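Student: I have a structure open and a list of terms I do not trust yet. Can we go through them and set each value against its definition?

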Amino acid sequence: MSNESIPDSALRITSHEVLALLSFNPDPGAELSRKVLALADLPQDSDLVRAGLSTLHVREMAQATGESINLQGGALVLSVILCTARQWFEMTRYGASSSLPVYVVDSPHGKAVIFSQPLSQYLCVPLRGDVDVLAFIAQTVNNAVDEAQAMDGGLITVRNHRTGQSPALANVKVNADGTRQLAAPPVQADGQLTLSMIEGSHSPGAAVAQVFAEGAQQAPKHDGGR
């Protein structure tokens with residue numbers, strides 16, 4: 001994402017500040033967010049969490065009142081989304097020039113796209129409430145496929161993480177000749193995903209979105225881990 005396309009609502013944040021945001025409401029959604037982002041489960045009085053709270057305060061994203069600290073603005077919004085997350089999508093492009101992961105987090109209280117940045121930083125952009133998450137994922141996959149085709153091929157891996165469930169996986173392989181293949185459930189007897197061709201007129205992103213839509217319909221209902 002170029003600097004020109006970054007909206008005013010975007011929030012730049014470090015991994016230890018994310019740890020601080022997650023410490024405010026350690027519910028199952030926070031546990032899911034911590035697992036997806038590969039962050040340690042640390043108590044609120046740990047050095048890293050306290051460092052995150054300190055930098056949030058210095059950056060005027062948190063306010064100290066006596067011994068209590070209250071989040072403000074974008075930090076508060078992001079904390080609520082992360083701590084109540086029901087599902088995450090994680091997408092990475094591999095090839096001659098691999099990309100850092102792009103995440104989409106979906107919760108009852110909001111949605112956001114999160115771009116990984118160097119030095120354990122993230123660029124977090126809230127999404128409108130009416131944004132269809134699967135449609136957003138489909139467009140993101142199509143963009144990654146276009147990038148892979150421009151570099152003579154590559155692999156786009158998308159994982160869907162849900163509370164209380166094992167991650168679902170779908171891969172799009174872009175061959176050097178421009179053909180595309182989808183690897184997705186069901187898993188075959190040899191433990192491999194089912195491989196199929198994506199015809200030229202079909203959207204790779206739509207194929208991936210359909211995989212996750214069907215998986216969501218088949219998944220057992222639960223109460224969010226409570």
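Student: Why is arginine 34 called buried?

Tutor: Buried means under 20% relative accessible area, exposed means over 50%, and partly exposed lies in between, with a 1.4 Å probe and protein chains only. Arginine 34 has 8% relative accessibility, so it counts as buried. The model is predicted: local features need pLDDT of at least 70, side-chain atom pairs count only at pLDDT 80 or more, and totals for chains, interfaces and linings use all residues. Residues are numbered from 1 along each chain as its sequence is written, and side-chain values use heavy atoms, with hydrogens and water left out.

Student: What makes the pair of aspartate 41 and arginine 34 a salt bridge?

Tutor: The term requires a side-chain nitrogen of Lys or Arg within 4 Å of a carboxyl oxygen of Asp or Glu. For aspartate 41 and arginine 34 the N to O distance is 3.8 Å, so the pair meets the definition. Aspartate 41 has 62% relative accessibility and therefore counts as exposed.

Student: How many salt bridges does a search of the whole structure find?

Tutor: It finds 4. One of them joins glutamate 147 and arginine 93, whose closest N and O atoms are 3.0 Å apart. That pair links distant parts of the chain, 54 residues apart: glutamate 147 is in helix α5 (residues 133-150) and arginine 93 is in strand β4 (residues 87-95). Helices (H or I, at least four residues) and strands (E, at least two) are DSSP runs, numbered from the N terminus.

Student: Which word fits glutamate 147, and which fits arginine 93: buried, partly exposed or exposed?

Tutor: Glutamate 147 has a relative accessible area of 40%, so it is partly exposed. Arginine 93, at 8%, counts as buried.

Student: What about the salt bridge between aspartate 130 and arginine 128?

Tutor: Its N to O distance is 2.9 Å. Aspartate 130 counts as exposed because its relative accessibility is 60%, and arginine 128 is exposed because its relative accessible area is 56%.

Student: How do you know that the span of helix α3 agrees with what is expected?

Tutor: The expected span is 1.5 Å times one less than the number of residues. Helix α3 (residues 47-58) has 12 residues and should span 16 Å; its end C-alpha atoms are 16 Å apart, so the two agree.

Student: Which residues of α3 are buried, and why are they said to be on the same side?

Tutor: They are Val49, Gly52, Leu53 and Leu56. They cover an arc of only 100 degrees around the axis, which puts them on the same side of α3; the arc is that of the directions from the helix axis to the C-beta atoms. An α-helix has 3.6 residues a turn, so residues three or four places apart point the same way. On the other side of α3, Asp47, Arg50 and Val58 are exposed.

Student: What covers the buried residues of α3?

Tutor: The cover includes β1 (11-14), α1 (15-22), β2 (62-65), β3 (68-71) and α4 (73-83).

Student: Why is leucine 82, in helix α4, called buried?

Tutor: Its relative accessibility is 2%, so leucine 82 counts as buried. Leaving aside neighbours within four places in sequence, its contacts (heavy atoms within 4.5 Å) include Val18, Leu21, Trp88 and Ile114.

Student: What makes glutamine 181 and asparagine 175 a polar contact?

Tutor: A polar contact is a pair of N or O atoms within 3.5 Å; within protein, one must be able to donate a hydrogen and the other to accept it, and residues adjacent in sequence count only if both atoms are side-chain atoms. The side chains of glutamine 181 and asparagine 175 are joined at 3.4 Å, so the distance fits.
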